[in-house]
Amino acid sequence: HFLRNVTDEVRTRNALQDSRRRLALSLDAAQAGTWGVELTTGQYFRDERTTRLLGIAPGSEPLQWSTFIHPDDRLRVEEVFTRAIKGNGESCDVEFRAIRPDGSEVWLASRSTVFRQDQREPMMLGIVQDITERKRAEQMLREKTEELDRIFRLTPDLLCIADTDGYFRSVNEAFEKVLGYSRQELAGALY
């Protein structure tokens with residue numbers, strides 16, 4: 001018998017290739033990389049997206065995650081990973097700063113899970129995403145909010161925040177001084 005039907009094998013191989021292609025496109029669209037570590041050996045691996053996110057030269061030796069994590073974030077990140085490893089398969093989400101080999105800093109979000117199957121060594125598998133721009137935007141929003149709060153508090157003009165139903169939500173100090181009512185009395189009152 002020299003002939004055999006390989007139709008199912010070809011379909012399976014094509015489906016696997018399609019699945020890999022969709023995964024690669026999805027990871028590219030999300031600007032995310034994948035990583036993993038064998039928990040008993042500590043052997044770490046990463047894909048080329050993660051290599052780029054960390055600013056590592058392609059083909060360089062895998063380094064331990066802790067070498068990239070900002071010293072101020074390292075203990076917190078290690079505690080999160082340790083809880084996940086000791087847990088029972090729950091996902092692990094953590095945001096932290098990483099320091100690239102060139103000294104630049106990047107904010108990363110990692111989502112991972114501990115994977116235990118059959119007799120294989122347990123592994124932690126995850127994705128990592130660059131969230132630097134989001135963190136910058138959050139910082140700018142915090143600074144603007146603080147600035148507006150300061151203006152609201154310190155201006156000599158009467159300022160209030162009211163809802164569309166006609167109720168005061170907040171008034172500034174000048175409102176209290178001019179009208180003689182406390183902020184607590186005016187909060188929730190109809191204007």
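A pocket, as the word is used in these legends, is an open set of grid points with protein on both sides within 12 Å along at least five of seven lines, and its lining residues are those with an atom within 4 Å of a point. The model shown in every view is predicted.

**View A. The largest pocket and its lining.** The largest pocket holds about 270 Å³ of space. Its lining is made up of 14 residues, and those closest to the centre of the pocket are Val37, Trp65, Ser66, Glu78 and Phe81. Two or more lining residues are given by each of the elements β1 (32–38) and α3 (71–86), and it is α3 that supplies the largest share, with five residues. By residue class, the lining of the largest pocket divides into 10 nonpolar residues, three polar residues and one charged residue.

**View B. Salt bridges between helix α4 and strand β3.** The structure holds 15 salt bridges, and this view shows two that involve Glu95. In one of them, Arg134 pairs with Glu95, with the closest N and O atoms 2.6 Å apart. Because Arg134 belongs to helix α4 (residues 132–154) and Glu95 to strand β3 (residues 91–99), this pair ties together parts that are 39 residues apart in sequence. In the other, the side chains of Lys135 and Glu95 meet at 3.0 Å, N to O; since Lys135 also lies in helix α4 and Glu95 in strand β3, this pair ties together parts that are 40 residues apart in sequence.

**View C. Accessibility within the salt-bridge network.** Arg134 counts as partly exposed, at 36% relative accessibility, and Glu95 is likewise partly exposed, at 27%. Lys135, by contrast, has a relative accessibility of 17% and therefore counts as buried, the cut-off for that class being under 20%. Through salt bridges that share partners, Glu95, Arg134, Lys135 and Glu138 are joined into one network.

**View D. The salt bridge of Arg183 and Glu176.** Arg183 forms a salt bridge with Glu176, in which the closest N and O atoms are 3.1 Å apart. The relative accessible area of Arg183 is 34%, so this residue is classed as partly exposed.

**View E. A nonpolar patch on the surface.** Leu158, Val178, Leu179 and Tyr181 form a nonpolar patch on the surface, and together these residues have about 390 Å² of accessible area. One of them, Leu179, is found in helix α5 (residues 173–179), and its relative accessibility of 42% means that Leu179 counts as partly exposed.

Key
Residues are numbered from 1 along each chain as its sequence is written. This is a predicted model: local features need pLDDT of at least 70, side-chain atom pairs count only at pLDDT 80 or more; totals for chains, interfaces and linings use all residues. Side-chain values use heavy atoms; hydrogens and water are left out. Patches are made of residues with over 30% relative accessible area and no salt bridge: like charges are joined within 9 Å, nonpolar side chains (Val, Leu, Ile, Met, Phe, Trp, Tyr) within 5 Å. Accessible areas come from the Shrake-Rupley method with a 1.4 Å probe; for residues, only the protein chains shown count as cover. A salt bridge is a side-chain nitrogen of Lys or Arg within 4 Å of a carboxyl oxygen of Asp or Glu. Helices (H or I, at least four residues) and strands (E, at least two) are DSSP runs, numbered from the N terminus. Buried means under 20% relative accessible area, exposed over 50%, partly exposed in between (1.4 Å probe, protein chains only). On a 1 Å grid over the protein atoms alone, a cavity is a set of points where a 1.4 Å probe fits but cannot get out, and a pocket is an open set with protein on both sides within 12 Å along at least five of seven lines; lining residues have an atom within 4 Å of a point. Grid points are joined across faces, edges and corners, and a volume is the space filled by probe spheres set on the points. Ala, Val, Leu, Ile, Met, Phe, Trp, Tyr, Cys and Pro count as nonpolar, Asp, Glu, Lys and Arg as charged, and the others, Gly among them, as polar.
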